[in-house]
Amino acid sequence: MSTLKVVSSKLAAEIDKELMGPQIGFTLQQLMELAGFSVAQAVCRQFPLRGKTETEKGKHVFVIAGPGNNGGDGLVCARHLKLFGYNPIVFYPKRSERTEFYKQLVHQLNFFKVPVLSQDEENWLEYLKPEKTLCIVDAIFGFSFKPPMREPFKGIVDELCKLQDRIPIVSVDVPTGWDVDEGPISHPSINPAVLVSLTVPKPCSTYIGEKHTTHYVGGRFIPRDFANKYGFEPFGYEYTDQILKL
Ligand SMILES: NC(=O)C1=CN([C@@H]2O[C@H](COP(=O)(O)OP(=O)(O)OC[C@H]3O[C@@H](n4cnc5c(N)ncnc54)[C@H](OP(=O)(O)O)[C@@H]3O)[C@@H](O)[C@H]2O)[C@@H](O)CC1
Ligand SMILES: [K+]
């Protein structure tokens, strides 16, 4: 059995469908919670607070949430980061009206006193001063991005491209603007310092620069036989870890 390192977006969609189908019965909320939690753990692993100065500890983690489930991962991630002692701020320019669930995720962020900026707060760039920002979490688009990018996200990604040499970007599942299979085909596109692939890496992850981008897999919710059925070995997560560095 060849151990696939990546699965195509088509196969990823089939995996999702079966995971959330009647036999297995995961809900999207459950998968999103585990996914967002694993991204928060990757931020902690990459940008640990332990032993850091108060100034370092006071820096923001700036989470940009898109309108879909990739954005949902970002909202969940921000909540866990707050509990881990980080200082998250969420920029959620286009709120998904799809389901009540997204509104509940925002209520939870309010409950944890995590600021949630919306689009009309033009000063979102104010929060992106390199000396005040630990990293940016790119939860804008995941595997359903279809170019060309529409506003307000085109403008946002243009700004991120200008900033990314001074503030590290942690991309959730797929670097925003990349094609899930072909990688960075539309320009400009971001070049993240960290990529957290969810469930299993997608083909676009083969286009990251190994020296520049630290690659984790997260979203720990499949057993060995299910992984083998889709042609890949389950990832050797350590003990209770929710991420594995690849
Ligand atoms: N399934 C799983 O196992 C798990 C999946 N999870 C996560 O789900 C992610 C996939 O979520 P997803 O399918 O909601 O798509 P996503 O990438 O968030 O974007 C869709 C939104 O973007 C918009 N949009 C698209 N193109 C655009 C453009 N050019 N310009 C502007 N807007 C554009 C599009 O708008 P529309 O085109 O529909 O109007 C829609 O609103 C996946 O990557 C992973 O992170 C985890 O939660 C848990 C485990
Ligand atoms: K993303």
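Me: Which residues does UniProt list for "binding site" here?
Reply: Happy to start there, keeping in mind that this is a predicted model. The listing comes from an unreviewed UniProt entry. The residues are spread over 107 residues of sequence, yet they cluster in space, with a largest C-alpha distance of 9.8 Å. The record names Asn70, Asp138 and Thr176.

Me: Which of these residues does the lining of the largest pocket include?
Reply: Good one to check against the UniProt trio of Asn70, Asp138 and Thr176. Of these residues, the pocket lining includes Asn70.

Me: Is Asp138 buried or exposed?
Reply: Let's place the residue before judging it: Asp138 is found in strand β4, which covers residues 133-139. Its relative accessible area is 0%. Because buried means under 20% relative accessible area, Asp138 is buried.

Me: And where is Thr176, buried or exposed?
Reply: Thr176 sits in the loop between β5 (169-172) and β6 (194-198). Its relative accessibility is 0%, and the cut-off for buried is under 20%. So Thr176 counts as buried.

Me: What is the distance of the polar contact between the side chains of Thr176 and Asp138?
Reply: Leaving aside neighbours within four places in sequence, the contacts of Asp138 include Asn70 and Thr176. Seen from the other side, the contacts of Thr176 include Asp138, along with Ser171 and Ile190 among others. Ser171 and Ile190 are also among the contacts of Asp138. For the polar contact between the side chains of Thr176 and Asp138, the value is 2.4 Å.

Technical notes
Residues numbered from 1 in each chain as written. Chains lettered and ligands numbered in written order. Predicted model: local features only at pLDDT ≥ 70, side-chain atom pairs only at ≥ 80, totals over all residues. Heavy atoms only, no water. UniProt positions renumbered as here; feature names shortened; annotations may be inferred. 1 Å grid on protein atoms, 1.4 Å probe; cavity = no way out; pocket = protein on both sides within 12 Å on 5 of 7 lines; lining within 4 Å. Helix = DSSP H or I, 4+ residues; strand = E, 2+ residues; numbered from the N terminus. Buried < 20%, exposed > 50% of the residue type's maximum accessible area, 1.4 Å probe, protein only. Contact = heavy atoms within 4.5 Å. Polar contact = N/O pair within 3.5 Å; in protein donor to acceptor, adjacent residues only side chain to side chain.
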